[in-house]
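Got your viewer open and a selection box ready? Load the model below and follow along, stop by stop.

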Amino acid sequence: MSDRRGEIEALRLVVEGAPVKASGDGGSFAAAGADDPGECPVVALGHHDGRYFFLSASGEKRMMDVRGMTATGLLALFAGDSAWLIQHYPAFDKNGVPLDDFALRSAVGYLIRACERAGVYDPDLRLRGRGVWRGLPGADGRPAAVVHVGDRIARVDGGGFSWHPAGWREGSVVYPSAPRMDPPNFDAPATAEDGQKLLAHFRLWRFVDPADADLFLGWSAVALLSGYPKWRAHAQVAAAHGAGKTALCELLEALCGSMGVPMNGYSEAGVRQALSDEARVVLLDEAEGDATGAMQAVIGLIRRMSGSKGAAISKGSPGGMVQRFTVIGCALMAGINPPPLTPQDRSRILRFDILKATSDPEAAARVDAAIAWARTMSGRFRARVLLGAQRFAAAVDAYRAALMAAKCDGRQADVLAVALAGRDLLLHDTPPDSDSMEEVVASLGPRIGAMLADDDEDDDARQCLNHLMTFIPDHWRSGTRATVGDLLAVARTEHEGSGENGKALRTYGLRVAIEPDGPVLLVANRHGGLRRIFHGTRWAEGGWIGTLRRLGTDVTATEKTERFAGGVSRATRIPARYLPEIEESY
């Protein structure tokens, strides 16, 4: 018991900063050191439940308890270099002569006090791994770019840069050490002429829309900036067999260099773990649609990666602490039969369709040469986009305003603006002027129109109505099973929907009502027939109510209850302009 009390007293003295007897020093005292004895290579992050959190001298996050704070444990924390420990917490022999060693308890006391000063460890402390990140505002008020290449970090601001060692901290963000990556070549960044050459290489592929080569060039700049853009776009390539999709992925991989993470077999969990707390570019070949929904899960993750904070994921741990990590960056998905994109996907993912390559015998050689050239230019292109990151951010805002003025909706404006700003970043050395922006935006008119039409067709409310209209109930007419839309088209011509078709509709919670402006459809809020129609869909359990009311401002709730077969319910009133007419049936 006395030994235990001695250990507790020694620990108390350590935490309070009192001098303590050095181990094996024959009774002499070791220096306790000051609370801030100098710039320590180990960064204290905080404490929690008897555990202490640090960034080691090599920049890795470490968790230690008191039992792990042995001489060997501290040496590991200080990357095997005891010089700082010996300088600030020297051990002495019994005659007061310094030893070539450090006083363990004094050094441990300093580390504990440093963690106590840092406060309770915040698991939300942002630890950023390799890749390109959005830093604190720079000289022009826009965020600086920060690139982490594993063993060091560069902050790029105003066309200049400064290097910092791994473990560098900026505000509430820490950049711990990680495996080394090739750094950008700031000594010889790519030129605008190099950007033109890269565009010519992308034009080796037969994009369905010739203007898509320019957009794809712009997207490649966004990819190289990965975690920097406030809103980032991803790319989906739908390529015919023999169109060269794998070669295109190889060109992107060469351009990205060590920033790229190529995969041709993956799952949502695999992509998530590969990019955890990094800001890089994932290149997914063989991104085909399937019946299992596995690719849709991957797309769901990529969709969440688009916002400024990326996909923020929380998981429990065996130790009872919540583990939080971020998945951020850009993604390319290439497939012959890629899965369709929903409207929320299309506001984040640009689709590019590529035709089969020509029979030109020199085409393959030119593609191989383009890939080899991109590999030698990777560091230079990465330097160009980083040095121009703040100009890119300003161009995004300008292009978004120009796209909105051209009647593009906000979702398309977001995804197109970053691609256009990326194109300018690679092709020009100055910000775009208003005349050039208007010209570029005007050239995208057909693509913008197609995007708006696709979104209108795939709008969630219209999909819900389409599901309702195409549902085939257990009702026969002239020996043929009819859809709800077929029944409704005929019921509109019946007096107050009181004929055979109108009565059939009421059994499913639907009713035709004749108003001065024409027939309307009343859809019950609660009815067993509608529960069967929407069972297993995302509109089940009454979800159809709010969804259908988003069809338009003229779709409203009824003020009173309405009668349907089997009972009464309030309803949603859908005007005639949304409903099928008799000539549209059969």
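**Stop one: a charged pair under cover**

Start by selecting Glu278, which is buried because its relative accessibility is 10% (buried means under 20% relative accessible area, exposed over 50%, partly exposed in between, with a 1.4 Å probe and protein chains only). Now add Arg280: its relative accessibility is also 10%, so Arg280 counts as buried too. The two form a salt bridge, with the closest N and O atoms 2.9 Å apart (that is, a side-chain nitrogen of Lys or Arg within 4 Å of a carboxyl oxygen of Asp or Glu).

A word on what you're looking at: this is a predicted model, where local features need pLDDT of at least 70 and side-chain atom pairs count only at pLDDT 80 or more, while totals for chains, interfaces and linings use all residues. Residues are numbered from 1 along each chain as its sequence is written, and side-chain values use heavy atoms, leaving out hydrogens and water.

**Stop two: Lys245 and its partners**

Next, select Lys245, which counts as buried because its relative accessibility is 9%. Which residue forms a salt bridge with Lys245 at 2.7 Å between the closest N and O atoms? Pick Asp285 and you have it. This pair links distant parts of the chain, 40 residues apart: Lys245 is in helix 7 (residues 245-256), and Asp285 is in the loop between strand 17 (279-284) and helix 9 (294-304). Helices here are DSSP runs of H or I with at least four residues, strands are runs of E with at least two, and both are numbered from the N terminus.

Keep Lys245 selected and add Glu286, whose side chain meets that of Lys245 in a salt bridge as well (3.1 Å, N to O). Here the partners are 41 residues apart, with Glu286 in the loop between strand 17 and helix 9. Glu286 is partly exposed, because its relative accessible area is 39%.

For a wider view, select Arg203, Asp214, Arg423 and Asp424, which are linked in a network of salt bridges. The total count comes to 24 salt bridges.

**Stop three: strands 9 to 11**

Move to strand 10 (residues 143-148), where 6 of 6 residues are buried. Strand 9 (residues 131-137) runs antiparallel to strand 10, joined to it by 5 bridges (strands pair if DSSP finds at least two bridges between them). The two make a hairpin with 5 residues in between, and Gly141 in the turn has a positive phi of about 85°.

Strand 11 (residues 152-157) is also antiparallel to strand 10, with 4 bridges. Their hairpin has 3 residues between the strands, and Gly150 in the turn shows a positive phi of about 100°. Click His148 in strand 10: Gly131 stands opposite His148, and His148 also stands opposite Ile153 in strand 11.

**Stop four: helix 14**

Finally, select helix 14 (residues 434-443) and colour Met437, Val440 and Val441, which are buried. They cover an arc of only 100° around the axis, going by the directions from the helix axis to the C-beta atoms, which puts them on the same side of helix 14. Turn to the other side for Asp435, Glu438, Glu439 and Ala442, which are exposed. At the N-terminal end, Asp433 caps helix 14, with a side-chain oxygen 3.1 Å from the backbone nitrogen of Asp435.

Technical notes: Polar contact = N/O pair within 3.5 Å; in protein donor to acceptor, adjacent residues only side chain to side chain.
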